[in-house]
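Below is a report on selected helix contacts, buried positions and a pocket in one chain. The sequence and structure come ahead of the text.

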Amino acid sequence: MTRWHSWEPWRRNLYVLWVIEFAAFTGLSLILPFIPLYVRELGVTDVADVTRWSGLLLSGPFMVSFLATPVWGTLGDRYGQKLMVVRALIGSSACYVGMALAGDVHTLFGWRLALGGISGFLAAGMALVSVTVPDGERGYALGLLQGVVPAAGLIGPLLGGVLADLIGYRAIFYIVGALCASGGVIAAITLTEARHGPEAPVSQISVRATLRVAWRHAGLRRALLAVIASQLLITTLQPVFVLFVEQLGVEARLLSTTTGVLYAATGITALIAAPWWGRRGDRLGFHGALALALLGSSVTLLLQGFVTGVAQLFALRLVYGGFVAGVLPTLFGFITDGSPAERRGAVMGLSSSATMLGNLLGPLSGGFVAAHIGLRAVFFTSAALLLTVNWYARPLRS
């Protein structure tokens, strides 16, 4: 306890946020890899329809959050980012309870849209970190917090696969709601907000003004577009991955658990690698790391499309996690360093919105490609286009 009180406020915030968001994202990842199987349970049986609905359900929240996140980021700059963290967690809890009560895919889709409007706890947490962490520690802090996603991806899908076989998908939504509600209460009690750097007058901060500032800065503009493209291509696998695993010959009774293990494989190496990418950016610059992260991600993604067995896929997922963990932290680090200090929260809101847009388009694209070309084609097209993103991002490294 003494050591806890001796830490700087920003460090206490960072570790509390990590724990809260780890719990919330673990809950979130309990169900996401198995959305296609839940769609089947709700009465959709045709394979092409399952992939299309899965893409819509996975993309649904981001259809709304793409527009909502910059607004929340701006409100956070005005009234405090801590309030945004609490709001996102409590609101998410209510939406997940609604999903548990859904009786068909249309109702489920409606709750997913509502989630997009009120959620965004990672974006809110990163905005809080970006305005409270001192210079020289920001890359580490953002990398550590971004590492929540792969860390939760390590445990969530594996645990979710087991729970799905034991208690069913519907009950898992109640568990997620409880985790989010608990995180909201803890955030309200423990987080503090003491900003580093100058603050702009409230009247000067708006979504439109922040967007104009970011778009006029060539480096920020290119980095934001790279965030959209890379996240789009990384998330194309979401609506088809469990179906691809099924195609490899995994028995139905082991399908959820096996898929969870494969997601966890990526989470293991991503969890280890994410802080390293952030530290590397702090010490050597974010520019050079980006090329390696994108190149490694594209090559390992391409190779996954050729596998003929689960063991091969598991090995490649391990390597893939180490590379893909470096894409967003390096881009976010560059964006934060290039942002005006008084608008960092709002610019991080734009960055999160760019991520949301990628999350929106990725599953839709993956579902479309799988339905019209085939499951393996999703791996091949995504890998090829990631190489294009690497070429487009070259000026960021010059």
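Gly366 is buried, with a relative accessible area of 0%; buried means under 20% relative accessible area, exposed over 50%, and partly exposed in between, with a 1.4 Å probe and protein chains only. Gly366 lies in helix α18. Helices (H or I, at least four residues) and strands (E, at least two) are DSSP runs, numbered from the N terminus. Not counting residues up to four places away in sequence, Gly366 touches Thr236, Pro239, Val240 and Val378, where contact means heavy atoms within 4.5 Å. The C-alpha atom of Gly366 is also separated by 8.4 Å from that of Thr51, 315 residues apart along the chain.

The model is predicted: local features need pLDDT of at least 70, side-chain atom pairs count only at pLDDT 80 or more, and totals for chains, interfaces and linings use all residues. Residues are numbered from 1 along each chain as its sequence is written, and side-chain values use heavy atoms, with hydrogens and water left out.

The chain has 19 helices and 0 strands. Of its 398 residues, 59% are buried. Among contacts in the chain with a separation of 6 or more, 84% are between residues 24 or more positions apart.

Three further buried positions are listed here.

| Residue | Helix | Relative accessible area |
|---|---|---|
| Thr300 | α15 (residues 286-304) | 5% |
| Leu328 | α17 (residues 327-337) | 9% |
| Arg11 | α2 | 18% |

Leaving aside neighbours within four places in sequence, Thr300 is in contact with Leu316, Val319, Tyr320 and Phe323. Leu328 and Ser230 are 98 residues apart in sequence, and their C-alpha atoms are 8.3 Å apart in space. For Arg11, the C-alpha atom is separated by 9.2 Å from that of Thr132, 121 residues apart along the chain.

Arg11 belongs to α2, and this helix packs against another. Helix α2 (residues 9-31) and helix α7 (residues 121-132) pack at an angle of about 170°, with their axes 11 Å apart. That angle makes α2 roughly antiparallel to α7. Axes are lines fitted to C-alpha atoms, for helices over the stretch in contact, and angles run from 0 to 180 degrees between N-to-C directions. Angles under 35 degrees count as roughly parallel, over 145 as roughly antiparallel, 65 to 115 as roughly perpendicular and the rest as oblique.

On the α2 side, the contact involves Trp10, Asn13, Leu14, Leu17, Glu21, Ala24 and Phe25, which meet Phe121, Leu122, Gly125, Leu128, Val129 and Thr132 in α7. By class, the residues of this contact are 9 nonpolar, 3 polar and 1 charged. Here Ala, Val, Leu, Ile, Met, Phe, Trp, Tyr, Cys and Pro count as nonpolar, Asp, Glu, Lys and Arg as charged, and the others, Gly among them, as polar.

A second helix pair is α4 with helix α5 (residues 81-101), whose axes come within 7 Å and cross at roughly 135°. That crossing makes α4 oblique to α5. From α4, the residues Trp72, Gly73, Leu75, Gly76, Asp77 and Tyr79 meet Gln81, Leu83, Met84 and Arg87 in α5. The contact of α4 with α5 has 5 nonpolar, 3 polar and 2 charged residues.

The remaining topic is the largest pocket. Rolling a probe the size of a water molecule over the atoms shows where empty space is left. On a 1 Å grid over the protein atoms alone, a pocket is an open set of points where a 1.4 Å probe fits, with protein on both sides within 12 Å along at least five of seven lines; lining residues have an atom within 4 Å of a point. The largest pocket holds about 250 Å³ of space, a volume being the space filled by probe spheres set on the grid points, which are joined across faces, edges and corners.

Its lining has 13 residues, and Phe66, Leu211, Leu350, Ser353 and Ala354 lie nearest the centre of the pocket. Two or more lining residues each come from α4 (47-79), α11 (207-216), α12 (218-234) and α18 (344-372). Helix α18 gives the largest share, 4 residues. By class, the lining of the largest pocket has 12 nonpolar residues, 1 polar and no charged.
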